Amino acid sequence: MFEDISHSGDGGLYAEMLQNRAFQQVTPNTAAALNAWHSVNGATLNVVADTIPVSSALPNSLQVTVPAGTVGHVGVGNEGYFGIKVTAGSTYTASFHYRFTTASAFKGSFTVGLQTASGESLASTSVPIAAATTAWAQVNVKLRPTRSASSTANNFTVTLDGAAASGQTVNFALFSLFPPTFKNRPNGMRVDIATTLAEMRPSFFRLPGGNNLEGQTISQRWQWNATVGPLLNRPGRVGDWGYVNTDGLGLMEYLDWCEDLGMQAIMAIWSGFSLDGEAIADGDLGPYIQQAADQINFVIGDPAKSAPAALRASLGHPAAYPLKYVEVGNEDFFQPSTYTYRWHDIVTALQPEFPNIHFIATSDTFSPVLSPNPLQYDVHVYQTPTWFAQNSFFYDGFERNATTYFEGEYAAISLNSSDIFGTPADGRLLFPTMQSSTGEAAFMTGLERNSDIVFSASYAPLLNHLANSQWTPNLVSFDAGTVYPSSSYYVQKLFSLNRGDAYIPSTLPTPLGTLFWSVVRKTSTKEIIIKISNTVETAAPVTFVLPFKTVATTGTAQVLSGAQNASNTPTTPSFVVPKNSTIRTGKTFSYQAPPFSLSVLTLVAH
Ligand SMILES: [NH3+][C@H]1C[C@H](O)[C@@H](O)[C@@H]1CO
């Protein structure tokens, strides 16, 4: 599950290194508009509403004046998203647009570089100024650091020679600095975060949110068409988690990311409700339904019949992307009273146009009654580790009535059942622990047992920049330089990589017990895979009696275990990681599940 929360996208998975790169959605002539920028050596800075904007979508420019009497490099610096990692041997792609506010015969050059916070140069290149005119020009350069920085406290700088440029005023727009990206995609993903996520071998990617789909107001909702095409045409938006979204990570980047990882998109469309509680009135949803139809056509439409599909083709992807599920809104249990008509109007309009799309409802299951009757629901639950351990049979009692379920957001986030969403002082977890991760693993054995009706499941939130979090715990934390997979990440990865393809019935765990297991078969290798979650601090002996004709005498055990509060954090990044070993197996064999552990036992049996 992905949304731009805690800089999951901007400053996270999206590889752009400069924060506030285009002064989007800021108020000109304010200090806040200069967020992440600073003056170098006395230049005067101000974000202005440019009289000649670089594009209609990007009306603001950074105006830099070189005062008389300055010497040396004078200009601007950007501190990145709470740091900039600089690695020797990597090639960084930098660009920006500039124009002079007054034409002149000035000749000079920009120095574009990477520097440590103390001003030591890591990479630098000089770019001749084409001409001091009021017309926009673009600079594109490569930076190749001669050595790696010892920390991420570095800056990207663009400067002029103070003496030569004395008195000049230059407007800048749409800066950008990219490191090498995942699969070298232009405007692509940060390699270390992308690789960490790819190693889970996820099957789907829910986008673009979560709350971040909905907007704090109707006008601030996520709109697909504002997130595709040249970056000059993307205005960005005020995201729902307290920072501006550049929308450089837009719908097509999401879809290409799905393609790169072999994932299906579970794509949400706006359902007419914003987080301030406003809902589009019954009967007025037409324009929003059209925008949703265009969004779906951008993904799967025929370029010969649909303008949004033709736009996709013109942007380099004439073939449709795979799309099976479209989610109508997010957590519409917050306003079920209007979801009844919002769901009805949206789905009755779109289903005939997209007969192969499965629309997912986001209200509580079967409440309110919706028409048409949803065949898919997105179920969210944030609870205590104990709740998850004691609710592994949550789906066992669900009627098999053709309805299927997406466990779209779940995580054990607090030890305080009476204040789940409280502060760390009230029991909220900052990072997953072995207690929370084994609680989730217990719950997931139930999802696996009920995988005839649970078609997908995802921990949430996925990502979190440690320097600016709006939610804890998270599956994968990171800072400007390092990625920190949590204990829950390894639980997700162990389940994902050991999925098998058929559920094997077994003696059932005790619903309110402390030890939980599920058994699947991997038909291609004739293996069975037993997942065991021990959710308490005492080891648990388990005896297996396998009714197969042939059972191997040895198997493998992949075990994630640790003390109750054991956790992967920036100070203990790999405190709990899976350990592999060989175990003795047979038609009957015993196993000791360690305290607070997830064990994945794999053996050939048939
Ligand atoms: N409040 C959670 C529910 C919502 O869908 C997400 O945006 C939030 C974080 O996962």
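## Ligand site, cavities and pockets

The ligand is surrounded by Glu-3, Gly-210, Asn-211, Trp-241, Asn-330, Glu-331, His-380, Tyr-382, Glu-409, Pro-461 and Trp-471. The structure is a predicted model, and every value below was computed from it. Sorted by class, this shell holds four nonpolar, four polar and three charged residues.

Some members of the shell place polar side-chain atoms beside oxygen atoms of the ligand. For Glu-3, an N or O atom of the side chain is 2.3 Å from a ligand oxygen; for Glu-409, the distance from a polar side-chain atom to an oxygen atom of the ligand is 2.6 Å, and for Asn-330 it is 3.1 Å. Taken on its own, the ligand has 290 Å² of accessible area, and the protein covers 94% of this.

Open spaces in the protein can be considered next, beginning with the pockets. The table sets out the two largest.

| Pocket | Volume | Lining residues | Classes in the lining |
|---|---|---|---|
| Largest pocket | about 960 Å³ | 37 residues | 24 nonpolar, eight polar, five charged |
| Second largest pocket | about 570 Å³ | 27 residues | 13 nonpolar, nine polar, five charged |

In the largest pocket, the lining residues nearest the centre are Ser-203, Phe-204, Ser-456, Ala-457 and Arg-499. Several elements contribute at least two residues each to this lining, namely the strands β11 (204–207), β14 (264–269), β15 (323–328), β19 (454–459) and β23 (502–503), together with the helices α8 (434–449) and α9 (487–497). The largest share, six residues, is supplied by β19.

The second largest pocket has a volume of about 570 Å³, and the residues of its lining that come closest to its centre are Pro-186, Asn-187, Leu-231, Arg-234 and Glu-253. Two or more residues of the lining of this second pocket come from each of β5 (92–100), β10 (169–178) and α3 (251–261), and the largest share, five residues, belongs to α3.

Enclosed spaces form a separate group, and a search of the whole structure finds three cavities of 30 Å³ or more. The largest cavity, with a volume of about 80 Å³, is lined by Arg-221, Trp-222, Gln-223, Trp-224, Ile-269, Trp-270, Tyr-288, Gln-291, Ala-292 and Gln-295. Helix α4 (residues 286–300) provides the largest share of this lining, with four residues, and by class the lining comprises six nonpolar, three polar and one charged residues.

The second largest cavity has a volume of about 70 Å³, and the residues that line it are Asp-4, Gly-9, Asp-10, Asn-212, Trp-222, Asn-245, Thr-246, Asp-247, Gly-248, Leu-249 and Tyr-254. Three of these lining residues are nonpolar, five are polar and three are charged. Trp-222 appears in the lining of the largest cavity and also in that of the second largest.

Aromatic contacts complete the account, for the structure holds 43 aromatic pairs. In one of them, formed by Phe-388 and Tyr-410, the ring centres are 6.4 Å apart and the planes stand at 50 degrees, so the pair is classed as tilted. This pair links distant parts of the chain, since Phe-388 belongs to helix α7 (residues 385–390) and Tyr-410 to strand β18 (residues 404–412), with the two positions 22 residues apart in numbering.

Terms used: Residues numbered from 1 in each chain as written. Heavy atoms only, no water. Near = heavy atom within 4 Å. Polar contact = N/O pair within 3.5 Å; in protein donor to acceptor, adjacent residues only side chain to side chain. Areas by Shrake-Rupley, 256 points an atom, 1.4 Å probe, with all protein chains shown as cover. Nonpolar A, V, L, I, M, F, W, Y, C, P; charged D, E, K, R; others polar. 1 Å grid on protein atoms, 1.4 Å probe; cavity = no way out; pocket = protein on both sides within 12 Å on 5 of 7 lines; lining within 4 Å. Points joined across faces, edges and corners; volume = space filled by probe spheres on them. Phe/Tyr/Trp six-rings, centres within 6.5 Å; stacked < 30°, edge-to-face > 60°.
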